[in-house]
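Grab a pencil and let's work through a few short exercises together. Each one gives you a task, then a solution in steps.

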Amino acid sequence: MDAEKVFDTKKEERWINKQRCLIVASRGINDRHKHLIDDLISMMPHSKKDAKLEKREIPEQISELCFTHSCTSFMYFEARRKTDLYLWIGRFPDGPSAKFLIEHIHGSGELKCTGNCLKGSRHVISFDKSFSEEPSLKLYRELLTHIFNVPRYHPKSKPCTDHLLSFVFSDGKLWFRNYQLYQETQNKQLDNQELYEIGPRFVMTPIAIIDGTMMGEVLYKNPNYKTKTAIRVLKKREKMMSTMRKE
Amino acid sequence: RVIYEKEKILERVNQIQESFRKRLRVPQGKKIPWNEHLSLVSDKSIEIVKDIDITEDIQREVQFYNVTLGNAQIALKYLQQEGVATKRPDDYFAEMFKSDKVMNKIRTKLVMEQENIKSFE
């Protein structure tokens, strides 16, 4: 099919997959977190955003918002101590949901990322091999594909597929990258490809999987996960010990 | 205590796939068209070697790029088969993910860097 024909098709008629994703944050997020959320929203034309949530009865609030916006999945960003960011992803109405700690956030406005893509274009979602091995990672893969996947023929989406989201599992964490699919079109060879990073990038540490929308039976708990506060306490103690030794 | 209910998790994975199949009205036993979910799993994984000259971060970055590039090549092949455009036509104007302001900044920065290198020579 040539390009003109693709750009002519009426999307609304063929738009079957009406999955929507709710994106909300709690109160107390800082500007870095806000930029990340804005980037995600502009990348996902099928997302619905809502006002910041008060931190009480969160599962009930999320369920209600998913119901009113008729969303099939949700991303809920929770800030603690104004520095730490946690992410809940999950499916509505019958779960499951997963909790992550988010670290090392770099926004798309940073100057070392040279790529660019159309706003709201569809993206390929790429995983590495470990996502087909561990059961917990398999579930993450399934959740993430359905959250990030821009439905085909979505009215707000562009008819191009010009970028790629990459999830890679390494060191017990999920690493997120966003690349532009770039190719030389002159001689139609697929070999000389390059990827340019678009941003944002961040790292997700799995914490738990819960059977239900943010409440219910715990299916998985990461044994290697340490809370940020515990890490900070450890660091403080080490510092104290080193100064004591010097004295 | 370690909590890891592998079977229940796998059951959940199947449930999600089934609900997606129902949503797209794809009959049982038929494959869901790749174009609907656009997801790929590589056959390579990341291996970090410790105690060598290159730091872990650089190793990781290079391997991320390689794994993703492998997937990108397969993806582009599939996209061509399905007849999906991977590049916008030159006369198609639309809002970009990053604004012109940001892209101009990046461009001037790149030019500055190259000039710096030249001036050293």
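Helices (H or I, at least four residues) and strands (E, at least two) are DSSP runs, numbered from the N terminus. This is a predicted model, where local features need pLDDT of at least 70, side-chain atom pairs count only at pLDDT 80 or more, and totals for chains, interfaces and linings use all residues. Residues are numbered from 1 along each chain as its sequence is written, chains are lettered from A in the order in which they are written, and side-chain values use heavy atoms, with hydrogens and water left out.

**Exercise 1.** Describe the build of chain A.

- Step 1: Count the elements: chain A has six helices and eleven strands.
- Step 2: Lay the C-alpha trace along its principal axes, and chain A spans about 75 × 45 × 35 Å.
- Step 3: Check burial (under 20% relative accessible area with a 1.4 Å probe, protein chains only). Of the 247 residues in chain A, 57% pass as buried.

**Exercise 2.** Find the largest nonpolar core, meaning a set of buried Ala, Val, Leu, Ile, Met, Phe, Trp, Tyr and Cys residues joined through side-chain atoms within 4.5 Å.

- Step 1: This core holds 44 residues, and A:Met75 and A:Phe77 are among those with the most contacts inside it.
- Step 2: Helix α5 (residues 135-148) of chain A gives the most to this core: seven residues.
- Step 3: Look for another one: a second, separate core has 20 residues, including A:Val203 and B:Val67.

**Exercise 3.** Which residues does A:Met75 touch, leaving aside neighbours within four places in sequence?

- Step 1: Use contact, meaning heavy atoms within 4.5 Å.
- Step 2: Among the partners of A:Met75 are A:Cys21, A:Leu40, A:Trp88 and A:Phe148.

Technical notes
Buried < 20%, exposed > 50% of the residue type's maximum accessible area, 1.4 Å probe, protein only.
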